[in-house]
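Reader: Hi! Could you take me on a close look at a single part of this protein, and tell me how it sits among its surroundings?

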Amino acid sequence: MPEIETGIKNVDKIYHLIAYFTLSVTWLLSFYRKPILKYVIIICCILFGIIIEVSQQTLTTYRTGDYKDALANTAGIILGFIVFNQILKKITVNS
């Protein structure tokens, strides 16, 4: 895939944030009727992001793991959790 120059340093961190935001919100919305699972989902998503980064560093020769990617993943998950809770508040208030 060709590289696209954006002029923004570390723009891939934004992609990580968006991807993990989407991942967490999708899972949270899938299980919103089981409130206790939301914490399990958040923890699993964070662990998944960390495991992927560590695996890239240790198991491949063509990929590199980056702690900044793991932080961007976690930021996306936390943002997703916040947005999900706001959506859930709107749903329960309007019901």
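Author: Happy to; what follows is a walk along helix α1 and the parts around it. Please keep in mind that this is a predicted model.

Let's start with the helix itself. Helix α1 covers residues 12–30. At 1.5 Å a residue, its 19 residues should span 27 Å, and the end C-alpha atoms of α1 are indeed 27 Å apart, so the expected and modelled spans agree.

Which residues of α1 are buried? They are K13, H16, Y20, S24, V25 and L28. These residues cover an arc of only 150 degrees around the axis, which means that they sit on the same side of α1. Turned away from that buried side is a face with the exposed residues Y15 and S30. T22 also belongs to helix α1. With a relative accessible area of 41%, T22 counts as partly exposed, because that label is used between 20% and 50%.

What lies over the buried residues of α1? The cover includes α2 and α3, the latter running over residues 67–94. Let's take these two partners in turn.

Helix α2 is made of residues 37–59. The axes of α1 and α2 come within 10 Å and cross at roughly 150 degrees, and the crossing is right-handed. On the α1 side, the contact is made by H16, Y20, L23, S24, W27 and L28. From α2 come K38, I41, I42, C45, F48, G49, I52 and E53. Sorted by character, the residues of this contact are nine nonpolar, three polar and two charged. Several of the names return when you ask what is buried in the partner: the buried residues of α2 are K38, I41, I42, C45, G49, E53 and Q56. Their cover includes α1 and α3. As for the length of α2, its 23 residues should span 33 Å at 1.5 Å a residue, and the end C-alpha atoms are 31 Å apart, which agrees.

Now to the other partner, α3. Its 28 residues should span 40 Å at 1.5 Å a residue, and its end C-alpha atoms are 41 Å apart, which again agrees. The buried residues of α3 pack against α1 and α2; among them are A70, N73, G76, I77, G80 and F84.

I77 is a nice place to see the three helices together. This residue is in helix α3, and it counts as buried because its relative accessibility is 0%. Leaving aside neighbours within four places in sequence, I77 is in contact with Y20, F21, S24, I42, C45 and I46. You have already met Y20 and S24 on the α1 side of the contact with α2, and I42 and C45 on the α2 side. I77 and V25 are 52 residues apart in sequence, yet their C-alpha atoms are 7.9 Å apart in space. T22 and L79 make a similar pairing to look up on screen: 57 residues apart in sequence, and 9.8 Å apart in space, C-alpha to C-alpha.

One last stop is the loop between α2 and α3, where you will find T64. At 58% relative accessibility T64 counts as exposed, because the cut-off is over 50%. Beyond its neighbours within four places in sequence, T64 is in contact with E53, Q56 and Q57. Of these, E53 and Q56 are buried residues of α2.

Definitions and conventions
Residues are numbered from 1 along each chain as its sequence is written. This is a predicted model: local features need pLDDT of at least 70, side-chain atom pairs count only at pLDDT 80 or more; totals for chains, interfaces and linings use all residues. Side-chain values use heavy atoms; hydrogens and water are left out. Axes are lines fitted to C-alpha atoms, for helices over the stretch in contact, and angles run from 0 to 180 degrees between N-to-C directions. Helices (H or I, at least four residues) and strands (E, at least two) are DSSP runs, numbered from the N terminus. A crossing is left-handed if the near helix is turned anticlockwise from the far one by less than a right angle, and right-handed if clockwise. Contact means heavy atoms within 4.5 Å. Ala, Val, Leu, Ile, Met, Phe, Trp, Tyr, Cys and Pro count as nonpolar, Asp, Glu, Lys and Arg as charged, and the others, Gly among them, as polar. The expected span of a helix is 1.5 Å times one less than its number of residues. Buried means under 20% relative accessible area, exposed over 50%, partly exposed in between (1.4 Å probe, protein chains only). The arc is that of the directions from the helix axis to the C-beta atoms.
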